[in-house]
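Got your viewer ready? Let's take a walk through this one, from the overall view down to a few rings.

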Amino acid sequence: MARPLVSVVDDDESVRESLPDLLREFGFAARAFSSAQEFLSSDYLDETRCLILDVAMPGMNGLDLQQELKRRGKGIPIIFVTGQKDEDIRTRALTQGAVKFLYKPFSDSALLDAVNAALPGK
């Protein structure tokens with residue numbers, strides 16, 4: 001059985017380098033993208049089973065990407081990650097269907113729990 005693909009969209013290069021490595025250690029396939037636009041135009045959009053998404057990015061932000069995926073009928077489970085403690089954004093993301101909302105820095109176990117929640121029965 002193929003490993004589920006978890007895609008990471010974050011404008012922070014250190015996150016794009018570290019998170020996919022951690023996800024692979026957990027047993028998932030992983031890809032990283034530097035922007036919402038890069039993810040939307042990639043060949044991995046339809047293969048992605050879970051999306052780890054930064055809130056604040058230049059251009060299309062994470063909440064905008066969440067809406068665009070809904071508009072396109074893509075039911076990809078989303079885990080938001082952010083360094084900004086903003087309860088209004090957290091509430092909006094979860095209300096619009098995000099599975100989890102993690103504040104940076106988060107623990108490896110918190111990330112694994114979030115991905116497992118997004119991928120029931122992997």
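The tour goes from the whole chain to its surface and then to its aromatic side chains.

**Stop 1: the whole chain.** Before you select anything, keep in mind that this is a predicted model. Switch to cartoon and colour by secondary structure: you should find five helices and five strands in the protein chain. Now trace the chain along its sequence, and the pattern reads β-α-β-α-β-α-β-α-β-α. The radius of gyration comes out at 13 Å, close to the 14 Å that the globule rule gives for 122 residues, so the chain is as compact as a globular protein of that length. If you want a box for it, the C-alpha trace spans about 35 × 30 × 30 Å along its principal axes.

**Stop 2: contacts.** Put up a contact map next. Take the contacts between residues at least 6 apart in sequence: 61% of them join residues at least 24 apart.

**Stop 3: surface and charge.** Turn on the surface. About 6300 Å² of the protein chain is exposed, and carbon and sulfur atoms supply 47% of that. Colour by burial instead, and 44% of the 122 residues count as buried. Then select the charged side chains: there are 15 positive and 19 negative ones, and the centres of the two sets lie 6 Å apart.

**Stop 4: the rings.** Hide the surface and show the aromatic side chains as sticks. How many aromatic pairs does the structure hold? The count is four. Start with Phe-33 and Tyr-44: their ring centres are 6.3 Å apart and their planes sit at 55 degrees, so this pair is tilted. A pair counts as tilted when the angle is neither under 30 nor over 60 degrees.

Zoom out a little to see what this pair connects. Phe-33 belongs to strand β2 (residues 29-33), while Tyr-44 is in the loop between α2 (36-40) and β3 (48-54), so the pair ties together parts that are 11 residues apart in sequence. Is each partner buried or partly exposed? Phe-33 is buried, at a relative accessible area of 5%, whereas Tyr-44 is partly exposed, at 25%.

Now add Phe-39 to your selection: ring pairs link Phe-33, Phe-39 and Tyr-44 into a cluster.

**Stop 5: one more pair.** Finish by selecting Phe-101 and Tyr-103. Their ring centres are 5.4 Å apart with the planes at 70 degrees, so the pair is edge-to-face. Both Phe-101 and Tyr-103 are buried.

Note on methods
Residues numbered from 1 in each chain as written. Predicted model: local features only at pLDDT ≥ 70, side-chain atom pairs only at ≥ 80, totals over all residues. Heavy atoms only, no water. Helix = DSSP H or I, 4+ residues; strand = E, 2+ residues; numbered from the N terminus. Rg over C-alpha atoms; globule rule 2.2 N^0.38 Å. Buried < 20%, exposed > 50% of the residue type's maximum accessible area, 1.4 Å probe, protein only. Contact = heavy atoms within 4.5 Å. Areas by Shrake-Rupley, 256 points an atom, 1.4 Å probe, with all protein chains shown as cover. Lys, Arg positive; Asp, Glu negative; His and termini not counted. Charge placed at Lys NZ, Arg CZ, Asp CG, Glu CD. Phe/Tyr/Trp six-rings, centres within 6.5 Å; stacked < 30°, edge-to-face > 60°.
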